[in-house]
Amino acid sequence: MDTDGIGSIAVHNTRKYFAVAEKGINPNIYIYEWPTLKLYRILRKGADFIYAHCEFSPSGTKLVSLGGAPDFTLTVWDWVNERVILKCKAFGQEVFKSSFSPFSDDILFTGGSGHIKFWKMAKTFTGLKLQGEIAKYG
C-alpha cells in the first residue's frame, strides 16, 4: 500500500479539507485538513486497484469515488464517519469520471467510453439503493 501514486485529488467546497485517492492494490483515500496538512480521515475498501476519480458532494457531507479497471466500482461515502453509504459496479466498460449533481447530493452521474449513466440514491423497501439509467452516444 501507499507506493503506487495518486489516482485523483478532490478539494472540499469549504477549502478546509482535500482528498487524495491512491493507485495500487487495495488503495485508500486520505482526507487531509488544510492548511495544517494533518491527516483527518482514511477511507478504505472502495476500490480494488486504483481510484480513477473522487469528488465531494455540493453540501460537502458525501464523497463519491470511482474505481478504475477492472472493477469500475462506484462508492458513495459518509467521509466524516469513514463509512460506505452505497457501493455498486458503475459499468462494464471504461469509466472515467463520477460526479454529483450540483443541485442534489442524491443524484450522480458517471461517464466513460461511449456512455453516460445517471444515478439516483433511492429508498426502497429493502433499503437505500443506487438506481442507474444509461444514456448512450456516438
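Two residues are in contact here when heavy atoms of theirs lie within 4.5 Å. The structure is a predicted model, and the account below follows one sheet and two residues in it.

The sheet is open and consists of four strands in the order β5-β6-β7-β8, with antiparallel pairing. At its edges are β5, residues 51–56, and β8, residues 83–89, each of which pairs on one side only. From one strand to the next, the twist averages 15°.

Strand β6 covers residues 63–67 and pairs with β5 in the antiparallel sense over five bridges. One place to see this pairing is Y51, whose bridge partner in β6 is G67.

Two residues of β6 show what surrounds the strand. V64 is found in β6. Its relative accessibility is 0%, so V64 counts as buried, the cut-off for that word being under 20%. Leaving aside neighbours within four places in sequence, V64 is in contact with H53, C54, E55, L74, T75, V76, S98, S99, F100 and L108. D105 is 41 residues from V64 along the chain, and the C-alpha atoms of the two are separated by 9.9 Å.

L66 is found in strand β6 as well. This residue counts as buried because its relative accessibility is 0%. Not counting residues up to four places away in sequence, L66 touches I50, Y51, A52, H53, F72, T73, A90, V95, F96, K97 and S98. Between L66 and T110 there are 8.6 Å in space, C-alpha to C-alpha, although the two are 44 residues apart in sequence.

Notes:
Residues are numbered from 1 along each chain as its sequence is written. This is a predicted model: local features need pLDDT of at least 70, side-chain atom pairs count only at pLDDT 80 or more; totals for chains, interfaces and linings use all residues. Side-chain values use heavy atoms; hydrogens and water are left out. Two strands pair if DSSP finds at least two bridges between them. Axes are lines fitted to C-alpha atoms, for helices over the stretch in contact, and angles run from 0 to 180 degrees between N-to-C directions. Buried means under 20% relative accessible area, exposed over 50%, partly exposed in between (1.4 Å probe, protein chains only).
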